[in-house]
Amino acid sequence: MSIPEPPRGLEILPEGGADFAGVQESVIERQPSSTPPRLFALVALVAALAVAALIVAWVRSGGGEPDAVEAGATTTSEPPATTTTAAPSQPPRTTLPPPTALDTPVGDLPPARPVAEMIATLAGDPTGNIRGFLYQLDLLTGAASYVPLPGLPHTLVDLDGAIAVGIGRNVMRVDPQSGDTVVIAEDVTEVLPAYSPPGIVAVVRGTEHLFARVIGPDGVFRSAVQMPNEAIVHGALGDHVVVSMAGSVMALDGRNSALRLGAGRVLAVGDGHVVRLQCEAHGCQITDTAFSASVGADRRDEWCTDICAEASGRFGERDDQDEMASDCKTFCEGYPIVTGAIDERRVELPAELLAARPDRWSEQGLMSPDGNRIAIRLRHGTGMPAGVVVVDLDEKWGRHSPEIGVDLGSMAWAPDSRFLLYTLDNDVMVWDVDAGPGELPSGRAHIGEPLEHLILREPQLPS
């Protein structure tokens, strides 16, 4: 009876552990052989015996160098010295972007793309020296470069040319050329963008209250508000922090007063705009509230003195005239500073949004730089991604992204508010939102890296 051969390409190895009870299968690549295994073993044994016989005969005949033979036979009573060589320490593992993506231009760029510089974050190797990078791509020439960061970034904000990243609980302004960082906020739990002028909102949450500070690119404090911890912070316009709580949307200026913008859910905060979704009995609509809030010297005392001096004559001969004038000044000083008119425009939901209930929209969308468009991420009823819908608040139309039913990553508007970029797999999609019928709506920039937190800005002139 022939003995079956063991299966090829499979080896059983001990898995490790105290009892070695488990086993691990390791696949080993082997080339099939037509020669029987026993013949191989016999040939090897004969060759080994022949070599041993030749060595013995050579030694007996005195061949070779005598000194070497005697040295081999000499013994000593001292034990041989033992030298232990430590294995060289391995440098920390850090995954750097491939040279093809950095040392040479990115050649695969779509023909229709914005004249802008794209900046994104790129994570390092989490198993080694944890760090991250700023990845910079000139969308006009394809030139790519990166700047090391002192840690893994979780936030990226464009501060009108300056770049800020959130790393751990710190917010740092980064020089994209040298990589030098300056801490502009510490001990922060949330970081959101501020507009009009640009800055950041640094949020610290406690057990009962949250504290939101508005800080400029230079780290200069602008204003701050304190709210119950259940409040949601969406960003800031000037010195007003936009928050929502209990169905109300407010802009707080840090003086214990609120400019109530209305009810509903905040969809986006942009440069001079707060866009919210407002649903009533007859249906839902998008409301865009535009206003500008002052930043700088507070002249409220001067204004209130003049206002209350005029109003005091209307109190007549009342005995409490002085008290009423004092109340007027107190009320005036507590009222939020708002410069310019407050404008509102309402947009009916386009068909692209009516197909999905509001609870399947993203928590907060992304507003274009001109304040006229908002990109909203959608999900199916199963929770799976359903793409992105752009709503034009000025022309009141909606358009669905060319990719439907796939997970689109970070998004960023081009400075001209025409192109929307978003990550897809390890590349970046460039969507021409204004593409007409018969025109190619999007193209793919082949990056080959898992980028996050995109921003787009005007090309920077060399200094």
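**Exercise 1. The aromatic pair**

How many aromatic pairs does a search of the whole structure find? State the geometry of what is found and place the rings in the chain.

Solution. The model is a predicted one.

Step 1. The search of the whole structure finds one aromatic pair.

Step 2. The ring centres of Phe 133 and Tyr 146 are 5.1 Å apart, and the ring planes stand at 75°. Planes over 60 degrees apart count as edge-to-face, so the pair of Phe 133 and Tyr 146 is edge-to-face.

Step 3. Phe 133 belongs to strand β4 (residues 132–138) and Tyr 146 to strand β5 (residues 144–149). The two residues are 13 residues apart, and their pair links distant parts of the chain.

Step 4. Phe 133 has a relative accessible area of 1% and Tyr 146 one of 30%. Buried means under 20%, and partly exposed lies between that and 50%. Phe 133 is therefore buried, while Tyr 146 is partly exposed.

**Exercise 2. The sheet that holds the pair**

In what order do the four strands of the open sheet with β4 and β5 stand, and which strands are at the edges?

Solution.

Step 1. The order is β5-β4-β3-β30, with antiparallel pairing.

Step 2. β5 and β30 (451–457) each have a single partner strand, so one side of each is left without a neighbour in the sheet. These two are the edge strands.

Step 3. From one strand to the next, the twist averages 20°.

Step 4. Now go through the pairings. Six bridges connect β4 and β5 in the antiparallel sense, and Gln 136 stands opposite Ser 145 in β5. β3 and β4 also run antiparallel, joined by seven bridges; here Glu 117 faces Asp 138 in β4. Five bridges pair β3 with β30, again antiparallel, and the bridge partner of Ile 119 in β30 is Ile 455.

Step 5. Consider the surroundings of strand β3 (residues 117–123). Six of its seven residues are buried, so β3 is largely enclosed by the rest of the structure.

As background, strands of a sheet pair through backbone hydrogen bonds, either parallel or antiparallel.

**Exercise 3. A second open sheet**

Describe the open sheet that has β6 and β9 at its edges.

Solution.

Step 1. This sheet has four strands in the order β6-β7-β8-β9, and their pairing is antiparallel.

Step 2. β6 (153–159) and β9 (181–185) each have a single partner strand; one side of each therefore lacks a neighbour in the sheet.

Step 3. On average, neighbouring strands of this sheet are turned by 30° against each other, direction ignored.

Step 4. Strand β8 (residues 170–174) pairs with β9 over four bridges in the antiparallel sense. Within the β8 and β9 region, Val 174 stands opposite Thr 181 in β9.

**Exercise 4. The disulfide**

Which cysteines form a disulfide, and what is the handedness of their link?

Solution.

Step 1. The structure holds one disulfide.

Step 2. Its members are Cys 279 and Cys 284, with sulfur atoms 2.0 Å apart. A disulfide is a covalent bond between the sulfur atoms of two cysteines.

Step 3. The angle about the S-S bond is 110°, and the link of Cys 279 and Cys 284 is right-handed.

Step 4. Cys 279 has a relative accessible area of 42% and is partly exposed. Cys 284, at 24%, is also partly exposed.

**Exercise 5. A glycine and its contacts**

Is Gly 270 buried or exposed? Which residues is Gly 270 in contact with, leaving aside its neighbours within four places in sequence?

Solution.

Step 1. Gly 270 is found in strand β18 (residues 265–270).

Step 2. Its relative accessible area is 2%, so Gly 270 is buried.

Step 3. Without the neighbours within four places in sequence, the contacts of Gly 270 are Tyr 195, Leu 237 and Met 367.

Step 4. Ser 196 is 74 residues from Gly 270 along the chain, and the C-alpha atoms of the two are separated by 8.7 Å.

**Exercise 6. A charge and a ring, and the whole protein**

Where does Arg 399 lie? Then give the totals for the protein.

Solution.

Step 1. Arg 399 lies over the face of Trp 397, at 3.9 Å from the ring centre.

Step 2. The protein has six helices and 30 strands.

Step 3. Of its 463 residues, 39% count as buried.

Step 4. Take the contacts in the protein with a separation of 6 or more: residues 24 or more positions apart account for 47% of them.

Note on methods
Residues are numbered from 1 along each chain as its sequence is written. This is a predicted model: local features need pLDDT of at least 70, side-chain atom pairs count only at pLDDT 80 or more; totals for chains, interfaces and linings use all residues. Side-chain values use heavy atoms; hydrogens and water are left out. Rings of Phe, Tyr and Trp (its six-membered ring) pair if their centres lie within 6.5 Å; planes under 30 degrees apart count as stacked, over 60 as edge-to-face and the rest as tilted. Buried means under 20% relative accessible area, exposed over 50%, partly exposed in between (1.4 Å probe, protein chains only). A charge sits over a ring if NZ of Lys or CZ of Arg is within 6 Å of the ring centre and within 35 degrees of the ring normal. Two strands pair if DSSP finds at least two bridges between them. Axes are lines fitted to C-alpha atoms, for helices over the stretch in contact, and angles run from 0 to 180 degrees between N-to-C directions. A disulfide is a pair of cysteine sulfur atoms within 2.5 Å. Contact means heavy atoms within 4.5 Å.
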